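Work through the exercises below with the sequence and the 3D structure at hand, and try each task before reading its solution.

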Amino acid sequence: MLLQVILEGLGLGALLVLVCAVGICKGAVGMVHLYSPAVQQRCVKLGLTTHEKIKRNSLIFKAVCIPGYIAYVLVCVYGINGAKGFVQGFWQLLVILSVMNLMDRLLVDGYWVGHTNAWTILGTEDLKPYITAKDKQKKWLFGTVGMAVIAAALATMMTVQ
């Protein structure tokens with residue numbers, strides 16, 4: 001069962017990578033809502049986007065991704081794996097979300113954003129690294145503690161009759 005749950009986590013991570021790839025397919029400005037306010041401001045100043053477009057893209061991203069990711073993990077854990085009760089649901093949810101978080105931190109943030117030019121926005125190169133050490137600390141903390149909280153909340157929700 002653990003291998004299956006890890007594979008489901010890899011599937012969720014692949015969905016995250018797909019969302020990111022679609023988001024930057026016409027240029028990284030399409031995902032500038034994920035960048036720091038300084039990068040966003042520079043993009044507006046350069047005429048690459050507007051504050052309204054940034055806000056709209058952020059809302060669309062949240063409206064599609066958050067429910068989509070939640071649906072994915074709930075279908076995997078309770079629909080496919082048949083988890084019963086809080087403990088079974090919690091550990092499976094936590095593993096899936098943690099695998100996705102590791103892919104996000106190491107593959108997306110660490111490699112793709114940090115070591116390729118795919119996420120570079122012309123005119124903002126002086127603002128690199130786009131993900132600062134402080135940002136990385138926050139993301140690791142949320143990924144560790146936050147995913148446990150989300151898993152507990154979802155498992156609780158699924159066991160309340």
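**Exercise 1.** The model is predicted. Decide whether Cys43 is buried or exposed, and then find out which cysteine sulfur is nearest to that of Cys43.

*Solution.* Begin with accessibility: Cys43 has a relative accessible area of 0%, and since buried means under 20%, Cys43 is buried. Next, consider bonding: a search of the whole structure finds zero disulfides. In keeping with that search, Cys43 is in no disulfide, and the nearest cysteine sulfur, which belongs to Cys25, is 16 Å away.

**Exercise 2.** Explain why the sulfur of Cys65 forms no bond with the closest cysteine sulfur, and classify the accessibility of Cys65.

*Solution.* The closest cysteine sulfur is in Cys20, at 7.8 Å from the sulfur of Cys65. A disulfide requires two cysteine sulfur atoms within 2.5 Å, so the distance of 7.8 Å is too far for a bond. As for accessibility, Cys65 has a relative value of 6% and therefore counts as buried.

**Exercise 3.** Locate Thr132 among the helices, classify its accessibility, and state how far Thr132 is from Ser36 in sequence and in space.

*Solution.* Thr132 is placed in the loop that lies between helix H4 (85-115) and helix H5 (133-159). Its relative accessibility is 31%, so Thr132 counts as partly exposed. Finally, Thr132 and Ser36 are separated by 96 residues in sequence, while their C-alpha atoms are 9.3 Å apart in space.

**Exercise 4.** Describe the helix content of residues 59-80, a range that the unreviewed UniProt entry lists as "transmembrane region".

*Solution.* Residues 59-80 are 100% helix and 0% strand, and the C-alpha atoms at the two ends are 30 Å apart.

Definitions and conventions:
Residues are numbered from 1 along each chain as its sequence is written. This is a predicted model: local features need pLDDT of at least 70, side-chain atom pairs count only at pLDDT 80 or more; totals for chains, interfaces and linings use all residues. Side-chain values use heavy atoms; hydrogens and water are left out. Helices (H or I, at least four residues) and strands (E, at least two) are DSSP runs, numbered from the N terminus. Buried means under 20% relative accessible area, exposed over 50%, partly exposed in between (1.4 Å probe, protein chains only). UniProt positions are given in the numbering used here, feature names are shortened, and annotations may be inferred rather than shown by experiment.
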